[in-house]
Amino acid sequence: MNITLKVWRQNGADDKGRIVEYKMSDISPDMSFLEMMDVLNEELITKGDDPVAFDHDCREGICGMCSMYINGEPHGPEDLITTCQLHMRSFKDGDTIYVEPFRAAAFPVIKDLVVDRTAFDAIIQVGGYVSVNTSGNTQDANSLPVPKADADKAFDAATCIGCGACVATCKNSSAMLFTAAKISHLALLPQGKVEAQERALNMVEKMDELGFGNCTNTGDCEVQCPKGISLENIALMNREFLGASLKSEK
Amino acid sequence: MSNSAGLFSSSLGRKYLMALTGLFLCSFLVIHLIGNVALFTDPVQFNEYTRFMSSNPLIRIMEIVLVVGFLTHIIDAILLTKANKAAQPVKYAMDKKKSTWYSRNMGLTGTIILVFLIIHLQSFWYGYKFGVIEMAEDSSGAAIKDMYTMVLAAFSQWWYAAIYVVGMILLGTHLSHGFQSAFQSMGLRHKKYTPTIQKVGTAFALAMTLGFISFPIYFYIIQL
């Protein structure tokens with residue numbers, strides 16, 4: 001396959017950045033998108049140029065590290081996969097492919113296609129956990145009954161890998177799908193219910209403080225999420241937050 | 001943040017406010033549309049209806065509540081939009097959205113509807129209250145402001161009728177996203193009921209658009 005890449009190059013946070021065109025030839029349709037990027041970087045290094053910086057880690061769709069806005073969509077054109085699971089056979093010979101970093105004020109570009117997603121960690125740090133010591137004295141799983149429907153919903157929410165595709169595709173760079181997935185994942189389970197009120201208040205407050213936008217219910221995040229996290233979680237977060245705001249005595 | 005005053009300064013609180021005022025404004029549309037049906041009955045009845053609406057003390061109080069509702073919805077929208085623009089300062093060179101055009105352009109359709117509203121209020125509300133208006137007779141023979149003739153005159157101009165048609169189509173797109181979106185913002189989402197809410201939202205948007213469009217079109221055609 002021959003393809004033309006239009007890649008965002010940016011030399012650090014202060015650089016203005018620009019789209020640079022690269023012609024690629026003899027690309028195998030069986031290559032993953034990241035392998036194709038590796039080939040590009042090999043060529044750049046051979047020529048003595050600066051390779052394109054991009055995030056990647058497990059390369060099997062579970063770590064949430066790979067990002068990139070490929071041809072107008074986070075993780076590229078296919079549904080329910082991450083960039084590392086995208087293959088060149090999803091494109092046609094002669095295609096032009098735009099490769100851009102995730103865009104959000106809360107995700108500043110570090111270099112080229114690498115963005116700083118520390119903001120997600122900061123949201124987790126204010127409540128995305130349960131304060132129960134489970135190490136060494138784990139109790140029997142059956143001693144705390146969880147309704148099957150709740151367990152399923154909590155598990156669905158827990159599949160969020162925190163990649164940031166929801167923020168990237170949202171016209172408002174809103175982190176509500178991510179935050180909602182974490183809030184509902186824990187609020188649906190007995191261990192998480194204890195701190196549910198505080199969690200909802202603190203995580204939403206942090207999300208606002210970090211400069212993410214607001215949800216306008218367009219639903220783009222749900223479509224682009226590689227794990228198919230549903231908007232149902234945002235509704236649950238909205239309920240949790242409203243209840244917590246009214247009940248909280250702080 | 002966690003007290004009720006802080007609630008409405010949070011992102012979610014502002015969404016609740018947007019949803020509640022939006023649904024309140026929807027209820028106003030229903031009342032307005034039902035009242036307008038008097039235009040199709042007879043001129044005397046319509047003129048008496050407008051006199052009732054502009055003099056009844058309860059309606060006058062509701063008028064103030066309505067203005068507050070509109071202003072809250074508009075100011076809240078401006079605050080939210082400002083934050084949203086700041087959240088994504090750099091746009092993509094290539095961006096493919098899967099969502100509907102109208103769900104992404106509530107600010108645009110809302111702004112055009114506001115312009116329409118100003119034109120509408122200038123013509124009829126200001127015109128009725130402070131403008132030069134012909135007098136007619138009510139059912140008891142007393143003098144009454146002739147709003148009916150005023151409406152007739154306004155819609156005899158093709159461009160004025162066209163403003164209404166465009167305004168109401170945009171209102172329809174605004175409602176078709178806004179109505180069901182309000183339930184989602186309030187956290188009212190349910191596997192069983194949400195599909196019905198979405199259908200009701202679409203039906204409501206269609207009913208309001210077709211209902212309000214019928215007046216300029218009807219009065220323009222009968223005066224050709």
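This passage goes through the cysteines, the cavities and a surface patch of a predicted model.

Residues are counted from 1 along each chain as its sequence is written, with chains lettered from A in the order in which they are written. Local features need pLDDT of at least 70 and side-chain atom pairs pLDDT 80 or more, while totals for chains, interfaces and linings use all residues; side-chain values rest on heavy atoms, leaving out hydrogens and water.

On to the cysteines. With a disulfide taken as two cysteine sulfur atoms within 2.5 Å, the count over all chains is zero. Cys63(A) has its closest cysteine sulfur in Cys58(A), but at 3.6 Å that is too far for a bond. Cys215(A) isn't in a disulfide either, its nearest cysteine sulfur being that of Cys221(A), 6.3 Å away. Cys215(A) is buried at 9% relative accessibility, whereas Cys63(A) is partly exposed at 31% (buried is under 20% relative accessible area, exposed over 50%, partly exposed in between, using a 1.4 Å probe and protein chains only).

Cys215(A) turns up again in the cavities. A cavity here is a set of points, on a 1 Å grid over the protein atoms alone, where a 1.4 Å probe fits but cannot get out; lining residues have an atom within 4 Å of a point. There are four cavities of 30 Å³ or more, and the largest holds about 110 Å³ of space. Its lining has 14 residues, and those closest to the centre are Cys170(A), Ser174(A), Cys215(A), Cys221(A) and Ile234(A).

Over in chain B, Tyr218(B) is partly exposed at 40% relative accessibility.

Technical notes
On a 1 Å grid over the protein atoms alone, a cavity is a set of points where a 1.4 Å probe fits but cannot get out, and a pocket is an open set with protein on both sides within 12 Å along at least five of seven lines; lining residues have an atom within 4 Å of a point. Grid points are joined across faces, edges and corners, and a volume is the space filled by probe spheres set on the points.
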